[in-house]
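Please read this report with the sequence and the structure side by side. It moves from the overall layout to charged pairs, a hairpin and a surface patch.

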Amino acid sequence: MELDIKTIKHAKDYIDSLARGVNPLTLEAVGDDDVINNIRISRCLLYVSDVLEEVIENGGVKKKSKPQENFDIQRLDMNSFEYFAEPVSITEFAKRINEMKPETMKKLKVTAITNWLVDVDMLSIIQMNGKNHKRPTKNGEGIGIILEQRNGHYGPYYAVLYNENAQHFIIDNISSIIEGGYNG
């Protein structure tokens, strides 16, 4: 079944605004006590946004899930991988790797990379406000994993970013991540 991409993009824009706590019709922030500011509602809206993004990427075609083969770095031409010049989130980095894989192959998971980085002492896990957060260790800082304070919808937060040297480190060790069973 083929869907209208323009309508899907419009719906996704509305859902993205709602997930950020913004009225999509007036572009004004909704009140703190509004139901769309409930974290569970916001997460649900973000999930629906991701689903719509997948439909958009598929050209408006709903695809049935196909059996997929495991992620196999050996099948990718990593010599053609384009590193980011500026520090980037692990999500963007993994997305670029996954853009190189065939459609029938499972994605390289962000958690596979970060869990491996924890195990090799490049990242550590700290607990703040009852939640786990990853932070670069001294070793991680030494290879170019940095922490940058940013302002988000719910206030300031820290983003873990990977400079080009850190990206090279991950690519150089991607086989260890896969062979170590981190991508499950």
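## Terms and overall layout

A residue is called buried when its relative accessible area is under 20%, exposed when that area is over 50%, and partly exposed in between. The model discussed here is a predicted one, and by the cut-off just given 32% of the 184 residues of the protein chain count as buried.

The secondary structure of the protein chain consists of 7 helices and 5 strands, and these elements, read along the sequence, follow the pattern α-α-β-α-α-β-β-α-β-β-α-α. Along its principal axes, the C-alpha trace spans about 45 × 45 × 30 Å.

## A salt bridge between two helices

How many salt bridges does a search of the whole structure find? The search gives 5, and one of them joins the side chains of Glu-53 and Lys-12, with a nitrogen-to-oxygen distance of 3.9 Å. Because Glu-53 belongs to helix H2 (residues 39-57) and Lys-12 to helix H1 (residues 5-19), this pair ties together parts of the chain that are 41 residues apart in sequence.

The two partners differ in their accessibility class: Glu-53, at 29% relative accessibility, is partly exposed, whereas Lys-12, at 12%, falls under the 20% limit and therefore counts as buried.

## Other charged pairs

In general terms, side chains of opposite charge can pair when their charged atoms come close. Arg-75 and Glu-69 form such a salt bridge, and their closest N and O atoms are 2.0 Å apart. Both partners fall in the middle class of accessibility, since Arg-75 has a relative accessibility of 44% and Glu-69 has a relative accessible area of 32%.

A further salt bridge links Glu-141 with Lys-138, where the closest N and O atoms are 4.0 Å apart. What separates these two residues along their helix? They are 3 residues apart in helix H5 (residues 138-143), which means a separation of about one helical turn. Glu-141 is partly exposed, with a relative accessible area of 44%, while Lys-138 is exposed, at 71%. Elsewhere, salt bridges with shared partners join Lys-12, Asp-16 and Glu-53 into one network, and this network includes the pair between H1 and H2 described above.

## The hairpin of E2 and E3

Strand E2 (residues 123-128) pairs with strand E3 (residues 131-136) in the antiparallel sense, and the pairing extends over 6 bridges. Within this arrangement, Ile-126 has His-133 in E3 as its bridge partner.

The hairpin has 2 residues between its strands, and in it Asn-129 takes a positive phi near 50°. As a general point for reading the strands, side chains in a regular strand alternate between the two faces of the sheet.

## A patch of negative charge

Which residues gather in the patch of negative charge on the surface? The patch is made up of Asp-50, Glu-54, Glu-57, Glu-92 and Glu-99, and H2 supplies the largest share, with 3 residues. H2 is also the helix that holds Glu-53, the partner of Lys-12 in H1.

Glu-99 is found in the loop between helix H3 (90-98) and helix H4 (110-119). With a relative accessibility of 56%, Glu-99 lies over the 50% limit and so counts as exposed.

Terms used: Residues are numbered from 1 along each chain as its sequence is written. This is a predicted model: local features need pLDDT of at least 70, side-chain atom pairs count only at pLDDT 80 or more; totals for chains, interfaces and linings use all residues. Side-chain values use heavy atoms; hydrogens and water are left out. Helices (H or I, at least four residues) and strands (E, at least two) are DSSP runs, numbered from the N terminus. Buried means under 20% relative accessible area, exposed over 50%, partly exposed in between (1.4 Å probe, protein chains only). Two strands pair if DSSP finds at least two bridges between them. Patches are made of residues with over 30% relative accessible area and no salt bridge: like charges are joined within 9 Å, nonpolar side chains (Val, Leu, Ile, Met, Phe, Trp, Tyr) within 5 Å. Accessible areas come from the Shrake-Rupley method with a 1.4 Å probe; for residues, only the protein chains shown count as cover. Lys and Arg count as positive and Asp and Glu as negative; His and the chain ends are not counted. The place of a charge is taken as NZ of Lys, CZ of Arg, CG of Asp or CD of Glu.
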